[in-house]
Amino acid sequence: MNTLEGKAIVVTGAGRGLGAAFATHAAAAGAAVVVNDVDVAYAERTATEIADRGGRAVVSGHTVADPVRAEEIIATCLREFGAIDGLVNNAGLNYEAVSWQDDPELIRELVEVNVLGVMYVGGAAARAMVDRDGGSIVNIASGASLGQRNLATYAASKGAVASLTYSWALDMEAVGIRVNAVCPLAYTRMVLKSERSKRACEPDRTPDRVAPLVTYLLSDDADGVTGQLVRCNGSQLHIVGQPYLKEPILERERWDVDSVRRAFDEVFGAHLEPYGLEKRVPPRLRKWVEPLRSA
Ligand SMILES: NC(=O)c1ccc[n+]([C@@H]2O[C@H](COP(=O)([O-])OP(=O)(O)OC[C@H]3O[C@@H](n4cnc5c(N)ncnc54)[C@H](O)[C@@H]3O)[C@@H](O)[C@H]2O)c1
């Protein structure tokens with residue numbers, strides 16, 4: 001397997017968990033890898049593992065959450081390997097909170113890493129790729145972006161990553177950069193922090209089961225694949241549908257409260273969408289749908 005032979009790849013948050021699996025898999029596929037993590041000791045461990053198996057890796061201990069350090073992560077790749085062909089925007093944080101008791105400091109810290117970090121490192125990588133022959137960016141999103149209980153800030157950050165992916169794919173196609181996102185599920189430190197996540201993710205869902213998807217998206221085998229959100233939970237692999245403008249689209253010169261109320265009473269009542277990853281039926285529809293479900 002040498003699908004990434006001759007390519008230089010940056011993986012952020014690659015000291016442990018999914019990032020470490022993505023970095024070691026990419027290296028085994030022939031890539032030279034920048035192993036980035038703020039926990040430098042862990043990044044060194046991943047890089048040593050790659051070197052012990054005959055691969056090429058250098059360590060970057062910069063945070064993704066600062067634009068100057070983000071540039072330095074990409075500069076490390078250019079300096080050490082003379083190019084950048086791929087980026088896996090993987091570094092991320094999460095925590096659970098009851099939405100109305102969320103802590104502004106935790107919100108800021110999470111958004112700085114999960115959203116701004118992806119923007120900073122992705123922007124720096126794209127600037128370097130534009131100067132060359134293009135490349136491939138893989139953003140790590142999450143099924144949580146569809147909405148999950150007690151994870152609103154994390155879910156919103158991953159929704160931002162999904163929106164960035166669609167927009168970057170539109171912007172960057174003309175300069176030869178493909179941009180996709182992966183929604184993984186794997187047994188990592190992040191899962192261990194939550195009783196609910198532990199119930200949803202068995203220990204056999206190891207991060208290396210998601211890595212082949214990331215290596216594929218980084219490789220030239222994925223030419224023509226861009227703007228996609230792809231989910232892999234170890235055993236299942238599927239595309240995540242994009243939000244869309246739903247029919248019927250009602251038209252009026254102007255809307256007032258009365259006509260909006262009538263639109264809901266007369267038309268949208270039957271078109272309300274189940275919401276959240278759990279597909280919760282809105283209360284107005286429940287009386288119609290739930291008796292049928294329990295019948
Ligand atoms: N584990 C899952 O099931 C799951 C599900 C959906 C999405 N994800 C996403 O996958 C990615 C990896 O998660 P994981 O489960 O391996 O978590 P993890 O906590 O095991 O690993 C995350 C790594 O990111 C590093 N990191 C944190 N902040 C950083 C920063 N500012 N700069 C550089 N590195 C930083 C951490 O030190 C850590 O090594 C995250 O983006 C996460 O949101 C994970």
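Which glycine follows helix 3, and is its phi positive or negative? Glycine 82 follows helix 3, and its phi is positive, near 75 degrees. The legends below return to this glycine after an overview. The model is predicted.

**Figure 1. The whole protein, with 10 helices and 8 strands.** The C-alpha trace spans about 65 × 45 × 40 Å along its principal axes. The radius of gyration is 21 Å. A compact globule of 295 residues would have a value near 19 Å, so the two agree. Of the 295 residues, 40% count as buried. Take the contacts with a separation of 6 or more: residues 24 or more positions apart account for 66% of them.

**Figure 2. The two domains of the protein.** Domain 1 covers residues 8–239. Domain 2 covers residues 257–294. Their C-alpha centres lie 36 Å apart.

**Figure 3. The shell around the ligand, built from 32 residues.** The closest are Gly13, Gly17, Gly92, Thr188 and Met190. Three elements give two or more residues to this shell: helix 1 (17–28), helix 4 (104–130) and helix 6 (189–192). By class, the shell has 15 nonpolar residues, 13 polar and 4 charged.

**Figure 4. Helix 1, largely enclosed by the rest of the structure.** Helix 1 has 12 residues. From first C-alpha to last it reaches 17 Å, close to the 16 Å expected at 1.5 Å a residue. Of its 12 residues, 11 are buried, so the helix is largely enclosed. Gly17 and Leu18 are among them, and so are Phe22, Thr24 and His25. Gly17 is also one of the residues closest to the ligand. Glycine 30 follows the helix, with a positive phi near 105 degrees.

**Figure 5. Helix 3 and its packing partners.** Helix 3 runs over residues 67–81. At 1.5 Å a residue, its 15 residues should span 21 Å; the end C-alpha atoms are 21 Å apart, so the helix agrees with that expectation. Its buried residues are Ala70, Ile73, Ile74, Cys77 and Phe81. In an α-helix there are 3.6 residues a turn, so residues three or four places apart point the same way. The buried residues of helix 3 pack against strand 1 (8–11), strand 2 (32–36), strand 3 (56–60) and helix 4. Beyond the helix comes glycine 82, the positive-phi residue of the opening question.

**Figure 6. The cis peptide bond before proline 248.** Most peptide bonds are trans. The bond from glutamate 247 to proline 248 is cis, with omega near 0 degrees. Proline 248 sits in the loop between strand 8 (237–239) and helix 9 (257–266).

**Figure 7. Asparagine 150, with a positive phi.** Most residues other than glycine have a negative phi. Asparagine 150 has a phi near 60 degrees. The loop that holds asparagine 150 runs between strand 5 (135–140) and helix 5 (152–172). Asparagine 150 counts as partly exposed because it has 15 C-beta neighbours inside 10 Å.

**Figure 8. Lysine 279, another positive phi in a residue that is not a glycine.** Its phi is about 55 degrees. Lysine 279 lies in the loop between helix 9 and helix 10 (283–294). With 10 other C-beta atoms within 10 Å, lysine 279 is exposed.

Key
Residues numbered from 1 in each chain as written. Predicted model: local features only at pLDDT ≥ 70, side-chain atom pairs only at ≥ 80, totals over all residues. Helix = DSSP H or I, 4+ residues; strand = E, 2+ residues; numbered from the N terminus. Rg over C-alpha atoms; globule rule 2.2 N^0.38 Å. Buried ≥ 20, exposed ≤ 12 C-beta atoms within 10 Å, placed from the backbone. Contact = placed C-beta atoms within 7 Å. Near = placed C-beta within 6 Å. Nonpolar A, V, L, I, M, F, W, Y, C, P; charged D, E, K, R; others polar. Domains from an automatic or database assignment. Expected span 1.5 Å × (residues − 1).
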